[in-house]
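Please look over the chain shown here. The report below starts with its aromatic side chains and then turns to the overall fold.

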Amino acid sequence: MNDNTVNEQGRLYPWVVVGLLWVVAMLNYMDRQMLATMRPSMQLDIRELESATNFGRLMAIFLWIYGCMSPVSGIVADRFNRKWLIVGSLFVWSGVTFSMGYATTFDQLYWLRAIMGVSEALYIPAGLALIADFHTARTRSLAIGIHMTGLYMGQALGGFGATVAESYSWPAAFQGFGIAGLVYAVVLSFFLREFNRDSLPPNESDGPLTTDRIPLTKGLGLLLANTSFWVILFYYAIPSLPGWATKNWLPTLFATNLNIDMATAGPLSTITIAISSFLGVIFGGILSDRWVQTNIRGRMYTSAIGLSLTIPSLLLIGFGNSLIHVVGAALCFGFGYGMFDANNMPILCQFVSSRHRATAYGIMNMTGVFAGALITNWLGKSMDSGQLGSDFAMLSGIVLVALLVQLYFLRPTVNDFVATEK
């Protein structure tokens, strides 16, 4: 894709797309995250939630379903209209969130979380691929980074689920946020539009990106035969372990290590991560977009710097027992993880053509989420056995391995990978 292609789409609209999808990203994470902080209120009505293991199962079912659906959603996004895929996904998961306010049993919550996993999985590959198409290499990391701040804002607002539940009720929290998403889905249907993929240069698109021009088995075969994609897959999956661990268990760890109630620990932990991640993705996006203009590995180095910051952070998060230690470590983790997050899709664009990026990111999302499901279950058991902090700290070692693999094996030669297959 070149600047002329973007000019055909309009100079301002690529940033309008980022703004529109920012709200979707916020709702995506807010609706899934607030359950993590409302457990104390919900267990008064649903006794099965008193067990941390059961709560881990409830969080993990979302991740397993979400992970299984991610490659499917990527394939669908590469072959069909992404606008309506995004709008439909938002409408369904918002309806599920609204319905969770009426759940009265653990089984009902369990199945609703499973349905949410299906609907939310349809969004991320389509949304990121759409933004990547609208933006060139000069603005891609910043655009992706700004979009990622929506995820962090949703994570932060999800932390207020416990506050809303305490002030009103947990059903009211689910119902209110669900209605907000349903209304925005209608608004989005009027303003979001699909990128004109037929306008891509012939040597990149090989003609219109229609289903009869991209056989499914051929597309997957080309992608899976790409050695660099497997390295990216590993590099993305390993940091997902602490990434999901902080999303699902950091409020509990804050409450335990600092001896505070969940109504305070929930907002404190999620806002700490959200603010620092917000700064990290913006800084990482700007640095990456500038660095890659003079050094083709600039995106890799930016991502590596960010990931290296998470290693000492995990040690302090796990073993710290003072407000300064724990909050300071969380701030450092969020900033570093934000730099990493802002560059995953832009790095992918250096090795995978636009016609397969949603599929590629869907597979990446699956591996990351499966890693998240494993760590969520494992940390649930760690919580019950009193080892949550030490197991958090242990994650720093495997992050170091992923960092070394990325630096040694990933060697891009272009800013935008151009397809040559016919």
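## Aromatic pairs and overall fold

Phe283 counts as partly exposed, at 43% relative accessibility. The model is a predicted one. Phe335 is partly exposed too, with a relative accessible area of 24%. Neither value falls under the 20% cut-off for buried residues.

Now take two other aromatic residues. Tyr235 is buried, with a relative accessible area of 3%. Phe340 is buried as well, at 0%.

Phe283 and Phe335 form a ring pair. Their centres lie 5.7 Å apart and their planes meet at 35 degrees, so the pair is tilted. An angle under 30 degrees would count as stacked, and one over 60 as edge-to-face. The pair links distant parts of the chain. Phe283 sits in helix α14 (residues 262-294), while Phe335 sits in helix α16, and the two are 52 residues apart.

The structure holds 17 aromatic pairs. Tyr235 and Phe340 make up another of them. Here the ring centres are 5.4 Å apart and the planes stand at 70 degrees, so this pair is edge-to-face. Tyr235 belongs to helix α13 (residues 227-258) and Phe340 to helix α16 (residues 323-342), so the pair ties together parts that are 105 residues apart in sequence.

The two pairs are set out below.

| Ring pair | Centre distance | Plane angle | Class |
|---|---|---|---|
| Tyr235 and Phe340 | 5.4 Å | 70 degrees | edge-to-face |
| Phe283 and Phe335 | 5.7 Å | 35 degrees | tilted |

Which residues do ring pairs link into a cluster with Tyr235? They are Phe333, Tyr337 and Phe340.

Next comes the chain as a whole. How many helices and strands does it have? There are 19 helices and zero strands. The radius of gyration is 20 Å, close to the 22 Å that the globule rule gives for 422 residues, so the chain is as compact as a globular protein of that length. Along the principal axes, the C-alpha atoms fill a box of roughly 60 × 45 × 35 Å.

Buried residues account for 62% of the 422 residues. Take the contacts between residues at least 6 apart in sequence: 85% of them join residues at least 24 apart.

What is the accessible surface of the chain? It comes to about 15300 Å², and 67% of that belongs to carbon and sulfur atoms. The chain carries 24 positive and 23 negative charges. The mean positions of these two sets are 7 Å apart.

How values were computed
Residues numbered from 1 in each chain as written. Predicted model: local features only at pLDDT ≥ 70, side-chain atom pairs only at ≥ 80, totals over all residues. Heavy atoms only, no water. Helix = DSSP H or I, 4+ residues; strand = E, 2+ residues; numbered from the N terminus. Rg over C-alpha atoms; globule rule 2.2 N^0.38 Å. Buried < 20%, exposed > 50% of the residue type's maximum accessible area, 1.4 Å probe, protein only. Contact = heavy atoms within 4.5 Å. Areas by Shrake-Rupley, 256 points an atom, 1.4 Å probe, with all protein chains shown as cover. Lys, Arg positive; Asp, Glu negative; His and termini not counted. Charge placed at Lys NZ, Arg CZ, Asp CG, Glu CD. Phe/Tyr/Trp six-rings, centres within 6.5 Å; stacked < 30°, edge-to-face > 60°.
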